[in-house]
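Dear colleague,

Please find the structure below, with the sequence alongside. My notes on helix packing, backbone geometry and a few contacts follow it.

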Amino acid sequence: MGVSFDKADGSLWLKFDVQPKADLTSDADRTAKLKDPGFGRVFTDHMAIVRYSADKGWHNARVESRANFPLDPATAVLHYAQEIFEGLKAYRRDDGGINLFRPDANAKRFRNSADRMAMAPVPEAVFIEAVEQLVHIDHKWIPGGEGSLYIRPFMIANEIFLGVKPSAEYIFAVIASPVGSYFKGGPAPVSIWVSENYTRAAVGGTGAVKCGGNYAASLRAQAEAIDHGCDQVVFLDAVEHRYIEELGGMNVFFVFDDGSLLTPPLGTILPGITRDSIIALAKEAGTTVREEAYSIDQWRADAASGKLKEAFACGTAAVISPIGKVCSAKGDFTINGGAAGEVAMGLRKKLVDIQYGRAADTHNWIKKVL
Ligand SMILES: Cc1ncc(COP(=O)(O)O)c(C=O)c1O
């Protein structure tokens with residue numbers, strides 16, 4: 001059983017009890033599964049899991065065979081959705097080693113999410129240790145080439161109680177799923193549907209944190225986007241229904257004819273780690289980056305006048321996806337002739353090269369696991 005003790009600096013620390021799976025997936029089966037893993041349907045052999053109770057704190061830290069959780073039908077998460085998650089990736093370098101990209105930023109965002117959802121915060125060191133332990137034991141599942149291992153830390157309220165209150169028990173766990181190259185043959189521009197019927201987040205709500213409920217509430221709008229022949233939905237602000245917020249699972253950037261970038265300000269959007277990294281890389285290259293509100297009407301006008309050169313979405317899964325077409329009840333318009341733009345592709349290459357260890361990591365974003 002994992003033992004908890006205090007480090008010299010007073011922070012809680014857990015020693016993970018590592019119990020490798022007895023019947024590991026064979027090399028042949030794993031190789032077959034890694035051929036075309038798609039996204040989120042193939043899983044590695046293990047999971048990391050840590051439990052919390054109000055009386056014991058974080059305890060019983062384990063890395064073990066990936067298995068079902070037995071959940072009583074009255075488990076709090078099943079009723080009141082006290083649940084948060086994260087998403088980050090491990091990349092295989094050309095020398096065979098493995099890089100994690102900014103796991104400290106995910107650990108911090110996870111703490112902020114826990115705070116907003118009145119959940120027990122997972123110490124950042126425990127979050128990172130759980131991720132590293134899992135990547136280490138399942139490193140053979142990381143595809144080569146442009147593939148990667150998508151890592152999904154999450155936490156659920158585990159108290160068996162039907163009262164509406166913060167749970168006194170939690171399960172924090174990490175699972176991992178190998179993913180192939182997101183885009184075969186280079187990033188294809190996406191089309192997006194401007195949702196005028198549904199909003200994602202309001203001031204004081206949960207838009208800035210990664211709780212499952214945000215995603216459940218976005219699915220109807222995403223379905224509406226698909227019904228209109230679009231790939232993704234983009235949300236407007238909840239007050240004036242004018243300002244661009246973000247996609248269902250990605251932040252958004254605009255590129256202007258003077259070379260400057262604009263991205264919606266933090267507040268009700270998820271503070272994306274890709275967004276933050278792009279801002280840093282662009283500023284470093286001398287590009288002006290504004291974090292300002294931008295309305296759908298302005299977007300349409302700037303696309304028509306030629307002032308807007310490109311738009312792109314960004315997030316861990318796809319890194320950068322150019323936006324080729326915008327559709328709405330008020331009519332459609334294209335951006336950059338519907339093609340991927342130079343700025344988006346240049347930033348994408350810069351970021352991907354750092355992630356795979358092909359470019360210098362001057363920001364200290366990479367944590368080598370192997
Ligand atoms: C709603 C939302 N916005 C933005 C992002 C991009 O965040 P990141 O760059 O940290 O993956 C995500 C993905 O996690 C998301 O779910």
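One term is needed at the outset: a crossing of two helices is called right-handed if the near helix is turned clockwise from the far one by less than a right angle, and left-handed if it is turned anticlockwise. Please also bear in mind that this is a predicted model.

**Helices H3 and H4**

By that definition, H3 and H4 cross in a right-handed manner. H3 covers residues 103-116 and H4 covers residues 124-137; their axes come within 9 Å and cross at roughly 130°. H3 is therefore oblique to H4, since an angle that is neither under 35 nor over 145 degrees, and not from 65 to 115, counts as oblique.

Which residues bring the two helices together? On the H3 side they are Pro103, Asp104, Ala107, Lys108, Phe110 and Arg111, and they meet Glu124, Phe127, Ile128 and Val131 of H4. Sorted by class, this contact comprises six nonpolar and four charged residues, with no polar ones.

As a general point, an α-helix has 3.6 residues a turn, so residues three or four places apart point the same way.

H4 itself consists of 14 residues and reaches 20 Å from its first C-alpha to its last, close to the 20 Å expected at 1.5 Å a residue. Its buried residues are Val126, Phe127, Glu129, Ala130, Val131, Glu132, Leu134, Val135 and Ile137. Two of these, Phe127 and Val131, are buried and also take part in the contact with H3.

His136 is likewise found in H4. Because it has 15 C-beta neighbours inside 10 Å, His136 counts as partly exposed. The C-alpha atom of His136 is separated by 6.7 Å from that of Val369, although their positions lie 233 residues apart along the chain.

**Helices H6 and H8**

A second helix pair is formed by H6 (residues 273-284) and H8 (residues 342-355), whose axes come within 10 Å and cross at roughly 105°. This angle makes H6 roughly perpendicular to H8. Ser277, Ile278, Leu281 and Ala282 of H6 meet Leu347, Lys350 and Leu351 of H8. The residues of this contact divide into five nonpolar, one polar and one charged.

**Positive phi values outside glycine**

Two residues other than glycine deserve a look at the backbone. For Arg102, phi is near 50°, a positive value. Arg102 sits in the loop between strand E8 (98-101) and H3. Is Arg102 buried or exposed? With 22 C-beta neighbours inside 10 Å, Arg102 counts as buried, the cut-off being 20 or more.

For Ala81, phi is near 60°, again a positive value in a residue other than glycine. Ala81 is placed in the loop between helix H2 (77-80) and strand E6 (83-85). Ala81 counts as partly exposed because it has 16 C-beta neighbours inside 10 Å.

**The loop holding Ala238**

Ala238 lies in the loop between strand E12 (232-236) and strand E13 (244-247). Its 17 C-beta neighbours inside 10 Å make Ala238 partly exposed. What does Ala238 touch, not counting residues up to four places away in sequence? The partners are Thr199, Ala201 and Ala202. From C-alpha to C-alpha, Ala238 and Ala201 are 6.5 Å apart in space, and they are 37 residues apart in sequence.

With kind regards

Terms used:
Residues are numbered from 1 along each chain as its sequence is written. This is a predicted model: local features need pLDDT of at least 70, side-chain atom pairs count only at pLDDT 80 or more; totals for chains, interfaces and linings use all residues. Axes are lines fitted to C-alpha atoms, for helices over the stretch in contact, and angles run from 0 to 180 degrees between N-to-C directions. Helices (H or I, at least four residues) and strands (E, at least two) are DSSP runs, numbered from the N terminus. Two residues are in contact if their C-beta atoms, placed from the backbone, lie within 7 Å. Ala, Val, Leu, Ile, Met, Phe, Trp, Tyr, Cys and Pro count as nonpolar, Asp, Glu, Lys and Arg as charged, and the others, Gly among them, as polar. The expected span of a helix is 1.5 Å times one less than its number of residues. A residue is buried if 20 or more other C-beta atoms lie within 10 Å of its own, exposed if 12 or fewer, and partly exposed in between; C-beta atoms are placed from the backbone.
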